[in-house]
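Thank you all for coming; I would like to walk you through one model this morning, going slowly and staying with what can be read from it. Please have a look at it first, and then we will start.

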Amino acid sequence: MRLRFEVKNHSLEQYQYSLRLSVSTGFILLCFVVLLGRFFYLQLWKYDYFQTLAENNRVSLVPIVPNRGLILDRNGVTLAHNFFVYTLEITPSKAGNVEETINNISQFIEVSAEDRKRFKKLRQESHSFESVPIRTHLNEVEAAKFAANRYQFPGVEIRSRLFRHYPLGNLGVHMIGYIGRINEADVKALEKSEDISNYKGSDHIGKGGIEQYYERELHGITGFQQVEIDADGQAVRVLSSTPPVPGDNLVLSIDSKMQDIAEKAFENHRGAMVAINPKNGEILSYVSMPTFDPNLFVDGIDADTWKALNGSLDKPLINRPIRGIYPPGSTFKPFVAMAGLQDGRRHPPFSIGDPGFYTLAGSAHQYRDWKPGGHGQVDMQRAITVSCDTFFYGLALEMGIDKLTSFVSHFGFGKKTGVDLVGEIGGLLPTPEWKWRRWKQRWYPGETVIVGIGQGYTLVTPMQLAQATAVLANNGVAMQPHLVSSIQKHNGTENHLMPITKLDEMPLDQRSIDIVRAGMVDVTKPGGTAASVGAGASYNIAAKTGTAQVVGIKQGAKYNAGSIDERHRDHALFIAYAPAEDPKIAVAVIVENGGHGGSAAGPIARKVMDYYLLGKEPGAATDASKKTEPPTPEDAPHD
Amino acid sequence: MISKILDRLKTHIDPFLMGCISFSCIVGLFVLYSASGGSFERVLSQLLNILAALTIMWLAANTSPHYLERIALPLFVLGLLLLLGVALFGEISHGARRWLNLGVGRIQPSELMKIAVPMMLAWYFAKREQSLRWVDYAFAALLLVVPVGLIMKQPDLGTALIIAAAGFYVLFLAGLSWKILIGGAVSAAVMAPIFWSLMHDYQRKRIEILFDPYQDPLGAGYHTIQASIALGSGGFAGKGWMEGTQSQLDFLPERTTDFIFAVFGEEFGFLGNALLLILFMLLIARGLVISSQAQNTFTRLLAGSITLTFFTYVFVNMGMVSGVLPVVGVPLPFVSYGGTSLVTILLGFGILMSIHTHKTLMSTS
């Protein structure tokens, strides 16, 4: 019985299998007919067409590199543009003995030691079949001289290349960035983003700043030509060409004049400054000091200059506004104040009697106020004005770390601002969970206390501090900070405004806003910690000073600026917005090792605000008016 | 004595297949010599590849299908483990993670799976043949999807495609319901526009270039354009051996490996292409005959899958070179330079020969 069943099943299966095989055979035949059809089409039907193409192949595709987009400031001043220069280039694989070739060239055309060094470095970074410039910026005479002797130099040729130039040199280099030769890492990134075929023929790519962030827009789309080639590989005529699409021009919200004023105001100090229009997030100045000349990087920087820049103690290559992290110090207090007020704490008539220190219950440790002996009776407004540490120690502890950090995070602390630059750091807003994750240690109440005055683990970038100030100035409405305000496409014939976006909106009570603002306005009035900054101003400035310790001071010891190394002095911080009643500009300034915020960082902010609000350029008149003002006793060396 | 040894060597070798394979290999060596710009070294090294692959074919032909059936499961599991090893510890070369360094040497486990997957699936269906239900097909599909997914992630689209095809052929030959097949095809047709609308612009662009190389003539489309010119300019009878201008003037990329068919087509023309197709057709036809005469489910399915997979190599490679299919890295059997795929292909033919020549032994036992 079972046998019969199996046999039957077998024959059925056999039949089914044969059917499947037949279907497969049919499919195979169909596919082969398709292939034959295709061969027929290509090799018989279109034979003449492809025959011609192959004859002309001989026809080669040559990429045409698009013009890189310009970078302009808000008034149309050029920050980055291109121009043609003659370069003398060597293709090592064709040149034979490269050293000897260079020596021979130098008999006709001057080749400096720097040129040789740069050539050596670039050669190491390139393939032997790629041509590498030995001299750039050849003048007409040099070009003619070489052309007359060209036959002596196989593998050496004069090329006309588009060069990037930054006419304002050092100005705003960290914001604008620069372009450099495409290296292996760039190639990998381009392959990953599938942009590599658009870079056939391109040598340069944005490195840092706007040049990098907006690489896609600035680069444009590479065109190509079908060129007929003779037996020696020389182009004879152009058969067809697809023109390149030039890169987009970028218009920044920066005013180059104001940028210059801001950078000069730093004198020889290291530091950073960011100014933002709080209403729309436009960045008005973006300073990182010291600066360097981006033009050095365009031709390929030589090894010595690079070493000097990279090894400098002043760290000019660091983009401080987005990559420098500093403790906010007392500039953190207005934000803590807003948190306390919104939480229903410390509204008038609440006040404390400040003995000059704060102690936790059950502990002998004294959290000192910067002013020995204290500030006397202090309410919220005055606590901001005189920067009373004791007041904020108690407030922070009472609110608790979680509530405090979650509130101030709405100002943008502890996360990237999302500004249109590459490499931004998010700073740090500490919480017990963070400490546990990072250090596997529990959180102590004393750590909450010092967060109240912006010390401890809290770290901010100047960009974050400026953004937080802008949010404060804009009554809790956070706008996306950005540098590019519009993009001009197709040689500037089409202008696309960048969208202005709202990031966050805190529901702040008018009462809280008024108290914090009044406290901050008084900072720049006689009796405030930055009275000299407000002196002689025709508009009200709401501000806060801050100091960030670089070296810890022992309990009971005294800080003495004169007795310690310059690089161990405190960082000076200053935030401000003005006019206080209708803020048009918000500023954060950090002067590294500058000492006190009011005296070192404040004047920089004032110069920028004077120019932006009044069109006043720093000159003798303002300096004189300042000097006549006697320093207020409250304008203390420590906040 | 010598004739005895020859007999022993010939016992399990199918003369028809052997004849076609030898002829294909010789043609391949000639084309390779031309494509490499007259490099004896290349030809010699490929000759060694061929000898090694033929040895493996002979070994496979002399291995009883019983034994293959027994090792199907362990081989598949081993292959899967190695693939996982590649995903975790694999070496990256040319942007893809395909190789596994075992200390003694590097291996490419995905190549093993080209045989292990159809063996495993054929074994599974043979085992379940009395009580096949739809669940079995679903499980078999799962056995197929896992290795294919791992290989696609490496990424190695060509190999993933070959293995997916090899596995699918087993399912198809094992009687996967027409309803499911047609349903699958219809739902794929319906889903395609939906996927299309969900894709990013750059993804769409990439697919558009696959089908229209002229959108990116300097980048992804370059291969296809140059290959079309090579084939088309070959005309009816070709430009003659070593006379292809496209090939000799460096316009054709990868002309000794995946795109070698363009060299062949340029130098031997439509006539050469048609003859090559017929040669491959003969190999395939013989494979199908062997499959239809096989005596149990395992050998039947395995032989069918191996043959259809060989067809897939041919069709996909010629299709991509001539521009009817998008470019995926699949070599042309016997002609493309390289030992790995040659070994896999000849191993397959060895198994076919084994299935055919061990038949009588099986029925008497």
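In which strand of chain A is the place of Gln366(A)? What you have in front of you is a predicted model, and in it Gln366(A) belongs to strand E15 of chain A, which covers residues 366–368. This residue counts as partly exposed because it has 14 C-beta neighbours inside 10 Å, where the cut-off for buried would be 20 or more and that for exposed 12 or fewer. Leaving aside residues up to four places away in sequence, Gln366(A) touches Phe357(A) and Thr359(A), and its C-alpha atom is separated by 9.3 Å from that of Gly356(A), which is ten residues away along the chain.

Let me turn to helix H2 of chain A. The buried residues of H2(A) are Phe50(A), Leu53(A) and Ala54(A), and because these residues cover an arc of only 95° around the axis, they sit on the same side of H2(A). On the face of H2(A) that is turned away from this buried side, we find the exposed residues Asp48(A) and Glu55(A).

That brings me to the contact between the chains, in which 33 residues of chain A meet 40 residues of chain B. On the side of chain A that touches chain B, at least two residues each are supplied by helix H1 (2–45), helix H2 (47–55) and strand E1 (59–64), with H1(A) giving the largest share, 19 residues. Sorted by character, the residues on that side of chain A are 20 nonpolar, eight polar and five charged.

Note on methods. Residues are numbered from 1 along each chain as its sequence is written. Chains are lettered from A and ligands numbered from 1 in the order in which they are written. This is a predicted model: local features need pLDDT of at least 70, side-chain atom pairs count only at pLDDT 80 or more; totals for chains, interfaces and linings use all residues. Helices (H or I, at least four residues) and strands (E, at least two) are DSSP runs, numbered from the N terminus. Two residues are in contact if their C-beta atoms, placed from the backbone, lie within 7 Å. Ala, Val, Leu, Ile, Met, Phe, Trp, Tyr, Cys and Pro count as nonpolar, Asp, Glu, Lys and Arg as charged, and the others, Gly among them, as polar. The arc is that of the directions from the helix axis to the C-beta atoms.
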